[in-house]
Amino acid sequence: MSLLTFWDAGHGPWVAARAIVRRVKHIGVLTSGGDAPGMNAAIRAVVRTAIHDGLQVTGVYRGYQGLIDSELRPLGARSVANIIQRGGTILRTARCQAFYTPEGRAQAAVTLREHGIDGLIVIGGDGTYRGAARLSVEQGIPVIGIPGTIDNDIYGTDVSIGFNTAINIALDAVDRLRDTAASHERLFLVEVMGRASGAIALYVGVAGGAEAILLPEVPVDLDAVADTLVRAYERGKTSSVVVVAEGAVEGGALTVQHAIAARCGFEARTSILGHIQRGGIPSTRDRVLASRLGFTAVKRLQAGEHGVMVGIDKRGTVTVPLQEVWEKKKEIDWELVEIANVLAT
Ligand code: F6P
């Protein structure tokens, strides 16, 4: 018996709930905010799970903007063939200001009703959940979120789709920059993305053996950073790598370079990794996470759960109210911050 047949035979936790809840028949799916590697795998999982369960699926193009402008197309199992390995999102994405207004959300609800869509799955980052929560409450549209952002800054899930691929790309860059840093006996500043979160910088800094990691969550003392680098030099290090989260210092890594080089006199270079971190082939981990969350979102929607985001933590897949997702702040991994400080010395 295949795993899915096992669920259908009545062993899945959703089966009992299905009997008492008005059955969702037609699901809409969209991606919103910055694209993240693995979003396509999540779309594929949503579409294939829904079709397996006898539901209709429609893709909404360009995020919430596509809901307002009525840019929708039906999706079938074949529409999502050959996309699990592709970065970006086949549905395209956008950051939509109009959706922050009640009028914009009302128009989105009209579009959904006109197409007969009775459940919406939104895949995206931080900004996605505020709109989703409001659409759900104001317009009575059943909405479920799936966390997709390289920043890994979403409350309610240990990890979001795209983070693993992004840190692997950034780490590869740090490893390469170390070669040239060592050859020229230079200091390298590497700026990584993450908006107001230091999660990417922290993971990449620890895994790349950075001499210092600058995070938005920890006040930055550039004198102390310069001292650390000088002490490392005195202990015999001839080159250093400092990973800088884009939100750590006003002006970014270039400002850090100028401040530190002036204090310690090292020859320094800065490399800003930018959007390279967002593109390319999603890692195994991101594809599996996306498949798991896409599958679960469809099952939960059918079981009558909505106004929630599906995430993952030590318990497995979990749901968190959308309201909490956008109101609460995800903490940085403070244990890893301490480890980073000890290991950098
Ligand atoms: O949220 C993902 C992210 O890549 C952030 O890390 C970054 O600050 C931002 O998006 C960049 O946004 P844009 O693609 O609009 O320049």
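Let's start with one pair of helices: α9 and α10 cross in a right-handed way. Keep in mind that this is a predicted model. Two more helix pairs follow, and then a look at how the two domains meet.

**Helices α9 and α10**

- Helix α9 covers residues 222–234 and helix α10 covers residues 252–264; their axes come within 9 Å and cross at roughly 55 degrees.
- That angle falls outside the 65 to 115 degrees that count as roughly perpendicular, and α9 and α10 are therefore oblique to each other.
- On the α9 side, the contact is made by Leu222, Asp223, Val225, Ala226, Leu229 and Val230.
- On the α10 side, the residues are Val256, Ala259, Ile260, Arg263 and Cys264.
- Sorted by class, this contact of α9 with α10 has nine nonpolar and two charged residues, with no polar ones.

**Helices α7 and α8**

- Here helix α7 (residues 163–184) packs against helix α8 (residues 199–207) at an angle of about 45 degrees, and the axes are 9 Å apart.
- α7 and α8 are therefore oblique to each other as well.
- The crossing of α7 past α8 is right-handed.
- From α7, the contact takes Phe163, Ile167, Ala170, Leu171 and Val174.
- From α8, the contact takes Ala199, Ile200, Tyr203, Val204 and Ala207.
- What classes of residue make up the contact of α7 with α8? There are ten nonpolar residues, no polar ones and no charged ones.

**Helices α5 and α6**

- Helix α5 runs over residues 102–114 and helix α6 over residues 126–139; their axes cross at roughly 70 degrees and come within 10 Å.
- α5 and α6 are therefore roughly perpendicular to each other.
- α5 goes past α6 in a right-handed crossing.
- α5 brings Pro102, Arg105, Ala106, Ala108, Ala109, Leu112 and Arg113 to the contact.
- α6 brings Gly131, Arg134, Leu135, Glu138 and Gln139.
- The class split for the contact of α5 with α6 is six nonpolar, two polar and four charged residues.

**How the two domains meet**

- According to the domain assignment, domain 1 is made of 2–161 + 282–327, while domain 2 is 164–277.
- The centres of domain 1 and domain 2, taken over C-alpha atoms, are 36 Å apart.
- Ten residues of domain 1 and eleven residues of domain 2 take part in the contact.
- Between them, domain 1 and domain 2 bury about 850 Å², with 52% of that on carbon and sulfur atoms.
- Which three residues supply more of the area that domain 1 buries against domain 2 than any other three? They are Ile150, Asp151 and Ser283, which supply 52% of that area.

Key
Residues numbered from 1 in each chain as written. Predicted model: local features only at pLDDT ≥ 70, side-chain atom pairs only at ≥ 80, totals over all residues. Heavy atoms only, no water. Axes fitted to C-alpha atoms, helices over the stretch in contact; angles between N-to-C directions. Helix = DSSP H or I, 4+ residues; strand = E, 2+ residues; numbered from the N terminus. Parallel < 35°, antiparallel > 145°, perpendicular 65-115°, else oblique. Left-handed = near helix turned anticlockwise from the far one by under 90°. Contact = heavy atoms within 4.5 Å. Nonpolar A, V, L, I, M, F, W, Y, C, P; charged D, E, K, R; others polar. Domains from an automatic or database assignment. Buried area = accessible area lost by both parts, 1.4 Å probe.
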